[in-house]
Amino acid sequence: MNWIWGGMLLLGIVFAGVRGNLDAFSEGLLSSCTEAVYFILSLAGIMAAWSGIMNVAKESGLMDKASALVRPLMGFLFPREKNKDTLAMMLMSFTANLFGAGNSATVFSLKAMKLLDEENGGSPLASNEMCMFLAVNMSMLQLVPISVIQLRSDAGSADPGSIIIPSILAGLFSMAVSIAVCKFFERRSFV
């Protein structure tokens, strides 16, 4: 990946030099770096708050109670998964995604995938549970897409929340298709 980014930067410098726009290149580079820092800072508060809420939920036992409520659904999605910690990490990731804090969900997703990999024996082939987790996590329905609303608000949208209903509909559809495709290939692999 470093080679790709380095190559892109080098090509940009070469093309700017050939066209005689090195000043514009430097100005564009500095302004995009500044915008990136503002973008990160605008999301940092949301991520910190969500991570704190999820840690409180985990420590208070709320996640265990939530796990018990969604056990039938988790049993359908992950029929062979019995590890309570893995299921809790998956549930925390799903919950963060459900409430639109996808950046915060990344931490829980990585932990869940690491636990799933350990259960899979570090095999170079992903287990059905790993594939299903990835598919559901990537297509997860978002009730309130906080990040998108924040970005729309920062960009000056007159109604930043108007994205909620289309987001829910698209999320439901993509999640249903992802689950159906995974279940199809799970059944097919045992034939």
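Which residues in helix 2 are buried? This report takes up that question first and then turns to other parts of the structure, which is a predicted model.

**Helix 2**

The buried residues of helix 2 are L43, I46, W50, M54 and A57. An α-helix has 3.6 residues a turn, so residues three or four places apart point the same way.

Helix 2 covers residues 22-60, which makes 39 residues. At 1.5 Å a residue, a span of 57 Å should result, and the C-alpha atoms at the two ends are 56 Å apart, in agreement with that expectation. The helix also has a kink of about 30 degrees, and the centre of this kink is A44. Just after helix 2 comes G61, whose phi angle is positive, at about 90 degrees.

**A polar contact of helix 5**

Helix 5 is formed by residues 84-98, and N97 belongs to it. The relative accessible area of N97 is 9%; because buried means under 20%, N97 counts as buried. The side chain of N97 has a partner: it makes a polar contact with the side chain of N137, at 2.6 Å.

**The salt bridge in helix 9**

How many salt bridges does the model contain? The count comes to 1. The salt bridge joins E186 and K183, and their closest N and O atoms are 3.3 Å apart.

Both partners lie in helix 9, which consists of residues 164-189. E186 and K183 are separated by about one helical turn because they are 3 residues apart in this helix. What is the state of these two residues, buried or exposed? E186 is buried, and K183 is buried as well.

**The surface of helix 9**

A nonpolar patch of about 500 Å² is found on the surface. The residues that make this patch are F173, V177, V181, F184 and F185. One of them, F185, has its place in helix 9. F185 has a relative accessibility of 46% and therefore counts as partly exposed, since that class falls between the limits of 20% and 50%.

**The surroundings of S174**

Helix 9 also holds S174. With a relative accessibility of 28%, S174 counts as partly exposed. The side chain of S174 reaches the backbone oxygen of G171 at 3.3 Å.

Where does S174 stand in relation to M140? In sequence, S174 and M140 are 34 residues apart, while in space their C-alpha atoms are 7.8 Å apart.

Key
Residues are numbered from 1 along each chain as its sequence is written. This is a predicted model: local features need pLDDT of at least 70, side-chain atom pairs count only at pLDDT 80 or more; totals for chains, interfaces and linings use all residues. Side-chain values use heavy atoms; hydrogens and water are left out. Helices (H or I, at least four residues) and strands (E, at least two) are DSSP runs, numbered from the N terminus. The expected span of a helix is 1.5 Å times one less than its number of residues. The bend at a residue is the angle between axes fitted to the seven residues ending there and the seven starting there. Buried means under 20% relative accessible area, exposed over 50%, partly exposed in between (1.4 Å probe, protein chains only). A polar contact is a pair of N or O atoms within 3.5 Å; within protein, one must be able to donate a hydrogen and the other to accept it, and residues adjacent in sequence count only if both atoms are side-chain atoms. A salt bridge is a side-chain nitrogen of Lys or Arg within 4 Å of a carboxyl oxygen of Asp or Glu. Patches are made of residues with over 30% relative accessible area and no salt bridge: like charges are joined within 9 Å, nonpolar side chains (Val, Leu, Ile, Met, Phe, Trp, Tyr) within 5 Å. Accessible areas come from the Shrake-Rupley method with a 1.4 Å probe; for residues, only the protein chains shown count as cover.
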